Amino acid sequence: MRDFFARHKKIKYAVFAVTVLLLVAIVFLFTGKKRSKGENERIPAVVIQKPFMGTVLESITLSGYVEASAMIPVVPFVQGTITEYYARAGDYVEKDTVLAKIDDAPFRQQLLQAEAAYFAAKSTFERLESLFKSGAATQQNYDSAKAQHDAMKAQYDLARLQYDYTEVKASIDGTILIADLAEGSIGTQTQPVAVLADLGNQVVRLKVPEKYFDLFTLQKDDLVVTVTRPAEKNMYSDAVTGAIIENIAPYVSPESKNFQVVCRLDEPGERFRPGMYVKINVAYAAHHSVPLLPVTAKKLDGSCYTFSAEDSTVHFVQLEETPSDAEHFMVPAEYAESFFVVDGHNTVFDGQRVSVIKELEPYAEDSAHEKETATDGPSHDDDSASPSDTPADGIRISGEPVGEFE
C-alpha cells in the first residue's frame, strides 16, 4: 500500500511538470509570433528626390595662408636712442613718412666737425689751384691739396648722410603691420622700427602635391581659382574673392614632393589679412546641363538606393565614379529619371519596403532648404557621405580632369 501511494505521488509530480512546460511553450510561441508580426510591420521612413539638371565644376581644394606679396622691414641705418616714435600698427603711410627719430646730438657734432674740416680743405685747395694756374705752385702741391679736399668732402657728405638717417622713414607706400618699439628704445639695424606691407597686393603660396603638376602647368590658362576665408557661424558670411595664378614653380621639391603655386588675390578688400587661413578651390572642368544629386545621397562607399514607386521598395545601386563638386555629383544618364533615397538610406537594405515621408523638389537650393527644415524625417547616419569631409592631407579632389571649360 505504501509503494502504491509513493508511485501515485511521483506520477502526480510528473503530470504537473509536463503541464507547466506546455504552458511555457504556448506562451513563448504566442509572444514570439506577436513580436515577429510587429517587427514586420515596422517600415523605414525615407526622403526621395529625382535628379535635377545643372552644372557641376570639377575642382581640387587646398588650404593655405594669406601673405603680403612683400613685407618690408624698416630698419635704422644708424644706432641710437629713439627720441620720437610715430609708427602705429594698422596705419597707412606713404613713402618717406617719418616713422621714428633717433637722438641726433652725436651725429650733429660729427657733421659740424666734418663741415669745418671740409671748408678748411676747400679754402686751401682753391688757393693752391690759383697759384698752380699762375705757375707759382708745383704739380705735387696741387695734387696733394686736391686729394685732401676730396677726402674732406667725402667725410662731410657721409656725416650729413648719417645725420639725415636719424629720421627713419618709410621706404614704400603701405600699411604698418608691426610696430613693436617705443620712445626710449635703442634703434639698431638688427630690429626693425616697423614692418610695412601693401595690403592691396596679397598672395597665397600653395604647396601642391606632385600629382597635380601637369594640371597646373598644362591647363594654367583654363583654371578658375576661388579663395574663401571661412567666417564664424551665425556672425558673418564667408569672405570670397577670385585669384590669379601668378607663378608656378618649375621644379618639385624632392623632400616634400610638392611644388609651389603663388596665387594673387583679385580683391582682398577689408576681410583678407596676412596670416589668415583660407581655402583655395581650383576648378579645372565644367559640365553643363547634366543630371545632378546632392552628395548626401551617396554613402561613404559611393553606393546609393533607388526607389520604385510600383511596390514602394528600394534597390541598391553601386554608381560608377562621376564628376562632382563639394555639393553635387553627376548622375549617370540611365538613372536620370529615377528616384533616389537622399535621407534614411543608411537604415535600409536592398529590396526592402519603405515609407516615403517627403519628396524633395528637383532643385539644389530647394532640396537643401527642405532637408534642413524637415523635422519629421529621419536624420543621416554617420555612414553618409559629407561634403565637408576632406582627407587628412588637407586636399579634397572632386574628380579627375575630363575636359576643359565650355
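Two strands are said to pair if DSSP finds at least two bridges between them, and that idea will guide the opening stops of this tour, which takes place in a predicted model.

**Stop one: strand β16.** Select residues 303-308, which make up strand β16, and look at what surrounds them; six of the six residues are buried, so the strand is largely enclosed by the rest of the structure. Now show the side chains. In a regular strand the side chains alternate between the two faces of the sheet. Here, S303, Y305 and F307 point one way from β16, while C304, T306 and S308 point the other way, and all of them are buried.

**Stop two: the partners of β16.** Next, add residues 313-318, which form strand β17; this strand runs antiparallel to β16 and is joined to it by six bridges. If you centre the view on Y305, you can look across to F316, its bridge partner in β17. Then add strand β19, residues 339-343, which also runs antiparallel to β16 and is joined to it by two bridges. From T306 in β16, look for F340, which is the bridge partner of T306 in β19.

**Stop three: the turn at S312.** Return to the hairpin of β16 and β17, where four residues lie between the strands, and select S312, which is placed in the loop between β16 and β17. Is S312 buried, partly exposed or exposed? With a relative accessibility of 24%, S312 counts as partly exposed, because buried would require a value under 20% and exposed a value over 50%. Its backbone also deserves a careful look, since most residues other than glycine have a negative phi. The phi of S312 is positive, near 55°, in a residue other than glycine.

**Stop four: D96.** For another positive phi, select D96, which has a value of about 75° although it is not a glycine. You will find D96 in the loop between β5 (92-93) and β6 (98-102).

**Stop five: V203.** Finally, select V203 in strand β11, which covers residues 202-209. This residue is buried, with a relative accessible area of 1%. Which residues is V203 in contact with, once its neighbours within four places in sequence are left aside? They are Y65, V66, E67, A68, S69, E246, V262, C263, R264 and L265, so you may wish to display these side chains together with V203. To end the tour, select D266 as well: V203 and D266 are 63 residues apart along the chain, and their C-alpha atoms are separated by 9.3 Å.

How values were computed:
Residues numbered from 1 in each chain as written. Predicted model: local features only at pLDDT ≥ 70, side-chain atom pairs only at ≥ 80, totals over all residues. Heavy atoms only, no water. Buried < 20%, exposed > 50% of the residue type's maximum accessible area, 1.4 Å probe, protein only. Contact = heavy atoms within 4.5 Å.
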